[in-house]
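Open the model in your viewer and keep the selection panel at hand. This tour moves from one selection to the next and says what is there.

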Amino acid sequence: MADLPEPLIQERLEKLSRIRELGINPYPNSYHRTATSAEAVALLKKEEETNEAGKDIVTVAGRMMSQRNMGKIIFMDLRDDSGKLQLLIRRDNLSETEKALLKDLDIGDILGATGKLFRTRTGEPTLEAANITLLTKSLRPLPEKFHGLTDVEMRYRQRYVDLIANPEVNESFKVRSRIVTAIRCFLDKRGFMEVETPVLQSAAGGALARPFITFHNALSQNFFLRIALELHLKRLIVGGFDKVYEIGRVFRNEGIDLKHNPEFTILESYEAYADYKGVMRMVEEMFGEIALTVTGKDALEFGGNNISLKTPWERLDLRETLIKYTGIDFLKTETLESLQKAMKEIGAEVDPNKDEGRLIDELISKYIEPHLIQPCFLVDYPIEMSPLAKVKPGTDGRIVERFEGFIGSIEVANAFSELNNPIEQRERFTQQAKMHQHKEGDEEWTIDEDFVQALEYGMPPTGGLGVGIDRLVMLFTGKDSIREVILFPALKEKG
């Protein structure tokens, strides 16, 4: 689009000048429409049912997506957020100014029209326009002769053009909005309170991830863009709120692939006096309710698979599942070196800069996730992967009460029985800091002392949950790339 030949732009600028000479403002301040395209079609149907077609005068507005000149009659398609409506314009009914305007209209212009509704012989709902009004003159033609934008890089870089050229893209983001609304309704009904916590934080915590660092001039100190919502939400549990949640943006200075974007949206919820088993049941119920709200059924299709969201979901012990698919028992690989050796023996790549927790996570991603098509929970994780989770009784301190939820081979949920022992929490934070401070290129690791202090005041037993909103939308829209469900994904600037 940026490389359009200059004559195409110049031609539209000349049309713009002629339109102004007609005394027409090509960018008026407002316009009063009485119906969207969908509402106009519904009104026509209602008129037909009562044998009163053409009774009502309707004013619509939208972007002109096609124009068909039939001599004395012109057909146009106007598209708005609700859909498409055909216009029929009779030249003889137009003023001289409107006729002159008509000559300088282009595909992509935004128009308003007033008239009566009828149905053509082919059954097309149509508005016979008594007048037309130019609301915005488009100075750039739509791509590829208006048949849709297919260049993937351009679609993401110029999402506004993508939304104009590909109506199905709009629907994906409408589904996203309905999913977020359904989550809020579900949690609100269960007594959760929605809150907001800081994006700029003095310590990066709540997840094992590399943060973005920024500098605050007035305070003369570095801040981190949050990598998780967890630590501030748990402060609120300490403060006396029993059920809180936040849906917010988090930022991780890491790689980009089909399932990862540097900034993404996450739901985190925390419930006092609950554990990870209670959170599991809540996740099952929440996903089922989202499906019924968004699709009208408790199932979805993803990756060519029919996926049932009926409860209960299968519970899979992580240790047993990892042994099943790799032969590696993380309780028997008691050192980093022994885990690395076991991975090499099965032909797995071993990054020498990664600790045990991250290596086990890679094993899960490569060897287990592809098998997790139907909804299920992987439960009971090694402590190396979960510095914020409680140890499971009877496991010698090696396993914590954590689960991850999977659908269609995608991780969609992560939850703990939250660690609330401040002494143990400080020890784990200190251990993590030592583990990462000498690794070249690893994330900057900081201990959130204020969070530990908050725990010292006492946090009740708590069940915590994180759900990736973007991945959830991928499932419900059938998209295999996270960029398809983020309106403005991160892209490298063109050189």
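**Stop 1: the eight-stranded sheet**

Select E17 (residues 410-417) and E18 (residues 462-468): these strands run antiparallel and are joined by five bridges. Keep in mind that this is a predicted model. Now pick out alanine 415 and, opposite this residue, leucine 465 in E18.

Next, add helix H6, residues 167-189. H6 packs on the sheet and touches E6, E10 (243-251) and E11 (263-272). The direction of H6 makes about 155 degrees with that of E10.

Add helix H7 too, residues 230-239. H7 also packs on the sheet, where it touches E10, E11, E17 and E18. Compare directions here: H7 makes about 20 degrees with E11.

Now show the whole sheet. What is the order of its eight strands? Reading across, it goes E6-E10-E11-E18-E17-E16-E15-E14. The sheet is open, and its pairing is mixed. The edge strands are E6 (193-194) and E14, each of which pairs on one side only.

**Stop 2: strand E15 and its two neighbours**

Select residues 376-382, which make up E15. Are they mostly covered or mostly uncovered? Mostly covered: seven of the seven residues in E15 are buried.

Look to one partner, E14 (residues 314-317). E14 and E15 pair in the parallel sense, over four bridges. Leucine 316 stands opposite leucine 378 of E15.

Turn to another partner, E16 (residues 399-407). E16 runs antiparallel to E15, and six bridges join the two. Leucine 378 appears again here, standing opposite glutamate 404 in E16.

Stay on E15 for the cysteine at residue 376. Cysteine 376 is buried, at 2% relative accessible area. Jump from there to cysteine 185, which is partly exposed at 41%. How many disulfides does the model have? The count is zero.

**Stop 3: strands E3, E4 and E5**

Select E5, residues 125-136, together with E3, residues 83-90. The two pair in the parallel sense over four bridges. Find glutamine 86, with threonine 126 of E5 opposite.

Add E4, residues 110-119. E4 pairs with E5 in the antiparallel sense, over 10 bridges. One pair to click on is glycine 112 and its bridge partner in E5, threonine 133.

Follow the chain from E4 into E5. The two strands form a hairpin, with five residues between them. Zoom in on glycine 123 in the turn: its phi is positive, about 90 degrees.

**Stop 4: helix H8**

Select residues 276-295. This is H8, a helix of 20 residues. From first C-alpha to last, H8 reaches 28 Å, close to the 28 Å expected at 1.5 Å a residue.

Start at the N-terminal end. Which residue caps H8 there? Aspartate 275 does: one of its side-chain oxygens lies 3.1 Å from the backbone nitrogen of lysine 277.

Now colour the buried residues of H8. They include Tyr276, Val279, Met280, Glu284, Phe287, Gly288, Ile290 and Val294. Then step past the helix to glycine 296, which follows H8 and has a positive phi, near 80 degrees.

**Stop 5: aspartate 329**

Go to the loop between H9 (318-326) and H10 (336-345), and select aspartate 329. Is this residue buried or exposed? Aspartate 329 is buried, with a relative accessible area of 10%.

Show its side chain and look for two partners. The side chain of arginine 319 makes a polar contact of 2.7 Å with that of aspartate 329. The backbone nitrogen of leucine 331 lies 2.9 Å from a polar atom of the aspartate 329 side chain. Leaving out residues up to four places away in sequence, aspartate 329 touches Arg319 and Ile323.

**Stop 6: isoleucine 256**

Finish in the loop between E10 and E11, where isoleucine 256 lies. Isoleucine 256 is partly exposed, at 41% relative accessibility.

What does isoleucine 256 touch, not counting residues up to four places away in sequence? Pro262, Arg483 and Ala490. Draw a distance line from isoleucine 256 to arginine 483: they are 227 residues apart along the chain, but their C-alpha atoms are separated by 9.7 Å.

Technical notes
Residues are numbered from 1 along each chain as its sequence is written. This is a predicted model: local features need pLDDT of at least 70, side-chain atom pairs count only at pLDDT 80 or more; totals for chains, interfaces and linings use all residues. Side-chain values use heavy atoms; hydrogens and water are left out. The expected span of a helix is 1.5 Å times one less than its number of residues. Buried means under 20% relative accessible area, exposed over 50%, partly exposed in between (1.4 Å probe, protein chains only). A polar contact is a pair of N or O atoms within 3.5 Å; within protein, one must be able to donate a hydrogen and the other to accept it, and residues adjacent in sequence count only if both atoms are side-chain atoms. A disulfide is a pair of cysteine sulfur atoms within 2.5 Å. Two strands pair if DSSP finds at least two bridges between them. Contact means heavy atoms within 4.5 Å. Axes are lines fitted to C-alpha atoms, for helices over the stretch in contact, and angles run from 0 to 180 degrees between N-to-C directions.
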